[in-house]
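This report describes how the strands and helices of one protein model are arranged, beginning with the sheet and moving outward to the helices.

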Amino acid sequence: MARTALVTGGSRGIGAAISKALKAEGCNVAATFAGNEEAAAAFTAETGIATYKWNVADYDESKAGIEKVEADLGPIDIVVANAGITRDVPFHKMTPQQWHDVIDTNLTGVFNTVHPVWPGMRERKFGRVIVISSINGQKGQFAQVNYAATKAGDLGIVKSLAQEGARAGITANAICPGYIATEMVMAVPEKVRDSIIAQIPAGRLGEPEEIARCVTFLASDDAGFVNGSTISANGAQFFV
Ligand code: CAA
């Protein structure tokens with residue numbers, strides 16, 4: 001039976017690789033995007049994957065968007081909360097706006113994405129919740145008090161959801177990517193990026209597809225006993 005999967009932020013970066021990998025596994029995939037219409041249209045043209053525009057920071061928009069996806073593709077079995085932003089700045093310069101923007105998108109966005117699909121997963125006795133956290137939620141990061149708080153929060157979310165969903169056939173797991181070759185990492189000043197790569201024992205950035213492979217494993221029917229866990233994929237940069 002083909003599963004239906006929702007990937008937030010699924011038309012670019014790590015999310016695009018996840019959407020493609022789930023499609024290759026035979027899933028019906030819906031990918032959301034926040035604003036970049038051009039990238040979303042190009043992604044759909046390239047992959048045939050449907051894209052939907054909504055702001056994950058807004059509960060009502062997320063709920064309405066999810067209802068539309070379910071009307072188009074069927075009940076969502078797999079949800080990948082991947083959408084995220086950075087507003088990197090040392091704490092003494094961080095504005096309340098920069099704090100709230102990141103919390104609203106990266107953390108409340110996970111609530112807004114999972115909460116509307118959770119009752120259906122409970123009823124159908126199957127669900128896969130996968131949250132894309134970060135190495136920086138595990139170790140913290142200079143200039144990322146806001147981002148690291150959200151990514152550490154993701155780990156609390158999945159550990160709690162795992163306990164609530166286990167009897168209903170739902171698993172909730174997190175992936176903590178290290179530094180992956182995406183626009184987000186390329187936005188870091190080159191000198192800083194070079195110093196980051198020097199701290200990765202693998203000697204390179206990760207590839208989005210290396211994260212997507214972790215997702216397809218966690219999303220599979222036979223990963224049902226893997227629940228509440230965190231997969232770190234960071235080239236040996238950090239161990240929990
Ligand atoms: N550790 C310790 N000190 C640091 C530092 C670090 N990592 N980075 C900068 N500093 C120091 C600087 O050397 C400087 O010190 P001095 O004043 O003594 O010279 C001081 O902090 C202030 O630095 P700046 O004036 O350059 O600060 P700024 O306001 O211009 O901010 C920055 C620059 C935002 C910190 C920039 O360096 C940056 O973007 N750093 C990268 C942060 C990062 O790794 N973000 C991850 C993005 S990728 C991602 O988030 C994906 C994922 O999940 C992994």
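Two strands are taken to pair if DSSP finds at least two bridges between them. On that basis, in this predicted model, 7 strands form an open sheet whose order is β3-β2-β1-β4-β5-β6-β7, with parallel pairing. The edges are formed by β3 (50–53) and β7 (230–233), each of which pairs on one side only, and the twist from one strand to the next averages 20°. Strands of a sheet pair through backbone hydrogen bonds, in either a parallel or an antiparallel sense.

## Pairing within the sheet

The table lists strand pairs with their bridge counts, each with one bridged residue pair.

| Strand pair | Sense | Bridges | A bridged residue pair |
|---|---|---|---|
| β1 and β2 | parallel | 4 bridges | Ala5 and Val29 |
| β4 and β5 | parallel | 4 bridges | Val79 and Val129 |
| β5 and β6 | parallel | 6 bridges | Val129 and Ala172 |
| β6 and β7 | parallel | 4 bridges | Pro177 and Ala233 |

Val129 of β5 appears in two of these rows, since its bridge partners include Val79 and, in β6, Ala172. A further bridge to β6 links Val131 with Ala174.

## Buried strands

How many residues of β5 are buried? The count is 6 of its 6 residues, and the strand is accordingly described as mostly covered. In a regular strand the side chains alternate between the two faces of the sheet. Both faces of β5 are covered, with Gly127, Val129 and Val131 buried on one side and Arg128, Ile130 and Ile132 buried on the other.

Strand β6 is largely enclosed by the rest of the structure, because 8 of its 8 residues are buried. Here too both faces are covered: one side carries Ile170, Ala172, Ala174 and Cys176, while the other carries Thr171, Asn173, Ile175 and Pro177, and these residues are all buried. Ala172 and Ala174, which share a side of β6, are the bridge partners of Val129 and Val131 respectively.

## Helices on the sheet

Helix α1 (residues 13–24) lies across β1, β2, β4 (78–81), β5 (127–132) and β6 (170–177), and runs at about 175° to β1. Helix α4 also packs on the sheet, where it touches β1, β4 and β5, and its direction makes about 165° with that of β4.

Helix α10 (residues 208–219) comprises 12 residues and reaches 17 Å from its first C-alpha to its last, close to the 16 Å expected at 1.5 Å a residue. Its buried residues are Pro208, Ile211, Ala212, Cys214, Val215, Thr216, Leu218 and Ala219, and what covers them includes helix α1 together with strands β4, β5, β6 and β7.

## The contact of α3 with α4

Besides packing on the sheet, helix α4 (residues 96–114) meets helix α3 (residues 59–73), the two axes coming within 8 Å and crossing at roughly 35°. The crossing is right-handed. Which residues form this contact? Tyr59, Ser62 and Ile66 in α3 meet Phe111, Asn112 and Thr113 in α4, and the residues of the contact divide into 3 nonpolar, 3 polar and no charged.

Technical notes:
Residues are numbered from 1 along each chain as its sequence is written. This is a predicted model: local features need pLDDT of at least 70, side-chain atom pairs count only at pLDDT 80 or more; totals for chains, interfaces and linings use all residues. Side-chain values use heavy atoms; hydrogens and water are left out. Axes are lines fitted to C-alpha atoms, for helices over the stretch in contact, and angles run from 0 to 180 degrees between N-to-C directions. Helices (H or I, at least four residues) and strands (E, at least two) are DSSP runs, numbered from the N terminus. A crossing is left-handed if the near helix is turned anticlockwise from the far one by less than a right angle, and right-handed if clockwise. Contact means heavy atoms within 4.5 Å. Ala, Val, Leu, Ile, Met, Phe, Trp, Tyr, Cys and Pro count as nonpolar, Asp, Glu, Lys and Arg as charged, and the others, Gly among them, as polar. The expected span of a helix is 1.5 Å times one less than its number of residues. Buried means under 20% relative accessible area, exposed over 50%, partly exposed in between (1.4 Å probe, protein chains only).
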